[in-house]
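User: I would like to go through this model and ask, point by point, what each label rests on. Please set the value beside the cut-off wherever a conclusion depends on one.

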Amino acid sequence: MNKIKTLATLIDLLDSSTNQQYKNLDTKIEIPIDQFSSIINFSKDHYTRHCIKRTENYELLLLCWDTDQGTPIHYHGGEDCWLYVLDGSIEEGRYKEENGIPQQVSIAKYYAGDDAYINDEIGFHHIANTGGQKSITLHIYMNPIKSCNVYDEDKKVFYIKEYNNPHT
């Protein structure tokens, strides 16, 4: 497969792919950041999620991370998730659950052009922008995530977060 150089090409491929074909798309992405300029939006308070397209089979999101922003530790609701770093860098901590408590098993840093994959069988994770500059990531979820388990650090318990609005 040739490199994916435009957002329109990526969407066309996602629309016509099967689940097995999705698994190879992220390693082919070379979309210039300027193709996302109309939807890039940062918040000083939290990372932002921008739904590019959502179907019954997949959800394509752009996430914008200001410095020192991150997700809570979470599962993916049984869905496959690919992450592609468009700009900046992202750190991912992966966890396994022991007696209801997340135990970190690895940490990795991803830079522009890098990709990562996770599903619930692999474990759960958190993502954070620790690189000192803004970062932008592209996420492909197979199927769209309707809910996921999120770890509440203060209460030391997992709870279910619903995603009724794909933009949040």
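User: How much surface does the protein chain expose, and what share of it comes from carbon and sulfur atoms?

Analyst: In this predicted model, the protein chain exposes about 8,600 Å², of which carbon and sulfur atoms supply 45%. Buried residues make up 45% of the 168 residues, where buried stands for a relative accessible area under 20%.

User: What makes the protein chain count as being as compact as a globular protein of its length?

Analyst: The secondary structure comes to 2 helices and 10 strands, and from the N terminus on both helices precede the strands, in the run α-α-β-β-β-β-β-β-β-β-β-β. The radius of gyration is 15 Å, and the globule rule gives 15 Å for 168 residues, so the chain is as compact as a globular protein of that length. Along its principal axes, the C-alpha trace spans about 45 × 35 × 30 Å.

User: Why is Asp-68 called exposed, whereas Lys-156 is called partly exposed?

Analyst: Exposed requires a relative accessible area over 50%, and partly exposed lies between that and the 20% limit for buried. Asp-68 has 68% relative accessibility and therefore counts as exposed, while Lys-156, at 47%, therefore counts as partly exposed. Asp-68 is found in the loop between β2 (58–65) and β3 (80–87), and Lys-156 in the loop between β9 and β10 (157–162). Phi is near 60 degrees in Asp-68, a positive value in a residue other than glycine, and Lys-156 likewise has a positive phi near 60 degrees.

User: How do you know that β2 and β8 are paired, and what are the edge strands of their sheet?

Analyst: Pairing asks for at least two bridges between two strands; 8 bridges join β2 to β8, which run antiparallel, so the pair meets the definition. Leu-60 stands opposite Ile-140 in β8. The open sheet has 5 strands in the order β1-β2-β8-β3-β6, with antiparallel pairing. Its edge strands are β1 (48–54) and β6 (115–118), each of which pairs on one side only, and the twist averages 20 degrees from one strand to the next. Helix α1 (residues 7–16) lies across β1, β2 and β8, running at about 145 degrees to β2.

User: Which residues does the cis peptide bond join, and what is its omega?

Analyst: The cis bond joins Met-142 and Asn-143, with omega about -25 degrees. Asn-143 has its place in the loop between β8 (135–142) and β9 (147–152).

Methods:
Residues are numbered from 1 along each chain as its sequence is written. This is a predicted model: local features need pLDDT of at least 70, side-chain atom pairs count only at pLDDT 80 or more; totals for chains, interfaces and linings use all residues. Side-chain values use heavy atoms; hydrogens and water are left out. Helices (H or I, at least four residues) and strands (E, at least two) are DSSP runs, numbered from the N terminus. Buried means under 20% relative accessible area, exposed over 50%, partly exposed in between (1.4 Å probe, protein chains only). Axes are lines fitted to C-alpha atoms, for helices over the stretch in contact, and angles run from 0 to 180 degrees between N-to-C directions. Contact means heavy atoms within 4.5 Å. The radius of gyration is taken over C-alpha atoms; the globule rule is 2.2 Å times the number of residues to the power 0.38. Accessible areas come from the Shrake-Rupley method with a 1.4 Å probe; for residues, only the protein chains shown count as cover.
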